[in-house]
Amino acid sequence: MAGITAALTLPAGGKKETCYLFQGTWTARYEKNGSAWEFKNSFDLPQHLTWYWSGLAGTAGHRPYPAVFASGGEIYFLRPDHLVRYHIAKNEVQSDANAKPENTFDVTELPSDFLAKLSGAMDTPQGIYLFSGLRWALFNLRSGDLKKQGTLGSPLSAGVDAACWPEQATSGYLFSGDAYYTCTAGDDGTLTVAAGGPITDVWKKAPLTRPLADIYASGQEAKRPVLFRTAIDLSTDTLPGRPKITATGTVIKGDDLKTSGDRASWSISGNGRHGFLVNYNKIVAVDLTKITGDNPVIRTESLSNQTLWDCALTRDGGHLWTGGDDSGKWQKMLHQVEVSKIDASDPTVNSYGVSGAVYGLALSHEGDKVYPGVVTENYNVQVVVTNTADGTPITTLSVDTVGGKPLVATSLDGSTVVTSLSNGSVKKFKGLEAPKTFPLTNNLVRGLAVTPDGTRLCAVATEDNYSVAVVDLTKDADNVRRVELPDITMPRRVAIDPNGRFGYVAGYISGDANDSARLWVIDLTTATHVATVEADWGSENTQIDDVEIAWRWE
């Protein structure tokens, strides 16, 4: 069994001391209770590390860092080529974008391959230890000076995968494979290792497996939703099996799941247990553990006379937000649906007026703001940023004056908001910066997604062989890169993985007798099409629309 990739302990600070065990960009959180480490995670599962530290979306939440330690209210994440210094209280990265380990630590006397094989770090009373396999180096963090270096001995033989030293402890932990060891430091800094045991003896539910992607897609008109069950490891920034990734395909049967109108939208809970499909005027709750059966639908809530367009689920899985239009009647079109007890009871719906019909919709990471794309009775297009606690508007972003059906996407922290315009452009809003418009296509923008850190946009722009547009939102408006997708018909929506590395575009195969569903994978760093995700759907017609990325641990 593979081991963890990094470990971290944080001092109590008036609360309980915590420990984090990492699997790439994902982490399991533990609290110290007496002498025991108790597993304390949302949904009783490890989560992406931005669940706890959203300010790391563009760095340690984007790709794995093999060495982590904390000191002075900051967390240090190290890779051979990069160092991130993150201020916990401010939820901000403090280090320069080009910072490297050698800028903080004097590594001139270390073996030339020490950093290349960096495998762990820990803050101790003696100083900061960095590990490279079985080798260790002790540094003074303030000066960066190397104090001592050495090699670990028996009983550890396979090298260090991770390390941590709890606050006020007299010994630390070293992790290798599925086992942990203890270590002590002599007066001169030399480390002595002692046998421990299986990691799971101390840290229950340690992330020794991987979060693998389950990708759900809704059907287009009168088609059923589907699941692509893949072996894509979401804890890394790589893809398996390029250029073709084979998935296990499941067509999801059940009442109210065939798409009734032009589109249907998914939201999936953080434990992969519940899915919510917004389908015409219905909100359909689905038990995702039963999708291979004939009817996994838990219950359906109908909103009469409304066409619902989009939805988003709060990260705790308690509230679904959706919105729609009502045949030109500008009433309460933004809806908060209480779904925390969906297995046992019907949901409660609270509806709010936002001066028009709602089309696209996004939620902030904390769930305190919702961002509906609104078209008013006078065809003005706005994003009405709304307080989720009581449905009151916080601010209104003016987008356009010619109507349309605006899509909305935001960064994880909500500081970057992007919405589509009816002329094939998108408009970006960020704080006090002047809004910036990016022309993408002469036709409709059908799908829109922003990376968690708000630096890149992926849009489905139906023009010239159905291109996808990738935009670097940190640069000028002419910085649009178009990606042609082979063999695609009717591309619709796009989803970005939790790391912000790859976009998954939903569509189906040109000329295929059954319109077989497929996903086209875009590398957002290079703006290139790098893979397709394919599955066997039998004789089922599987034209697909919205796409949502969930995960399972295996």
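**Exercise 1. Which strand gives the most to the lining of the second largest cavity?**

Some ground rules before solving: this is a predicted model, where local features need pLDDT of at least 70 and side-chain atom pairs count only at pLDDT 80 or more, while totals for chains, interfaces and linings use all residues. Residues are numbered from 1 along each chain as its sequence is written, and side-chain values use heavy atoms, leaving out hydrogens and water.

Solution.
- Step 1: pin down the term. On a 1 Å grid over the protein atoms alone, a cavity is a set of points where a 1.4 Å probe fits but cannot get out; a pocket is an open set with protein on both sides within 12 Å along at least five of seven lines; lining residues have an atom within 4 Å of a point.
- Step 2: list the lining, which is F276, I283, A285, R299, T300, E301, V337, V339, I342 and P347.
- Step 3: find the elements that give two or more residues, namely β24 (282-287) and β25 (297-302). Strands here are DSSP runs of E, at least two residues long, numbered from the N terminus.
- Step 4: pick the winner. β25 gives the most, with 3 residues.

**Exercise 2. Describe the largest cavity.**

Solution.
- Step 1: get the volume, about 1,300 Å³. A volume is the space filled by probe spheres set on the grid points, which are joined across faces, edges and corners.
- Step 2: look at the lining. It has 48 residues, and L313, L363, L412, I496 and E548 lie nearest the centre.
- Step 3: sort the lining by class: 26 nonpolar, 15 polar and 7 charged. Ala, Val, Leu, Ile, Met, Phe, Trp, Tyr, Cys and Pro count as nonpolar, Asp, Glu, Lys and Arg as charged, and the others, Gly among them, as polar.
- Step 4: ask who contributes. β47 gives the most to this lining, with 6 residues.

**Exercise 3. Find β47 again, this time in the largest nonpolar core.**

Solution.
- Step 1: define the core as a set of buried Ala, Val, Leu, Ile, Met, Phe, Trp, Tyr and Cys residues joined through side-chain atoms within 4.5 Å. Buried means under 20% relative accessible area with a 1.4 Å probe, protein chains only.
- Step 2: the largest core has 29 residues, and F228, L239, Y504, L519 and V533 have the most contacts inside it.
- Step 3: β47 gives the most here, with 5 residues.
- Step 4: zoom in on V533. Leaving aside residues up to four places away in sequence, V533 touches F228, T230, I232, I245, A247, Y504, R518, L519 and V521. Touching is contact between heavy atoms within 4.5 Å.

**Exercise 4. Which strands stand at the edges of the open sheet, and where does V93 fit in?**

Solution.
- Step 1: write down the order, β6-β7-β8-β9, with antiparallel pairing. Two strands pair if DSSP finds at least two bridges between them.
- Step 2: read off the edges. β6 (67-71) and β9 (92-93) each have a single partner strand, so one side of each has no neighbour in the sheet.
- Step 3: go to β8 (residues 82-87), joined to β9 by 2 bridges. V93 in β9 is the bridge partner of Y86.
- Step 4: move to the second largest pocket, with a volume of about 490 Å³. V93 is among the residues closest to its centre, along with G58, T59, H82 and A97.
- Step 5: tie the strands to the pocket. β8 and β9 each supply at least two residues of its lining.

Terms used: Helices (H or I, at least four residues) and strands (E, at least two) are DSSP runs, numbered from the N terminus. Buried means under 20% relative accessible area, exposed over 50%, partly exposed in between (1.4 Å probe, protein chains only).
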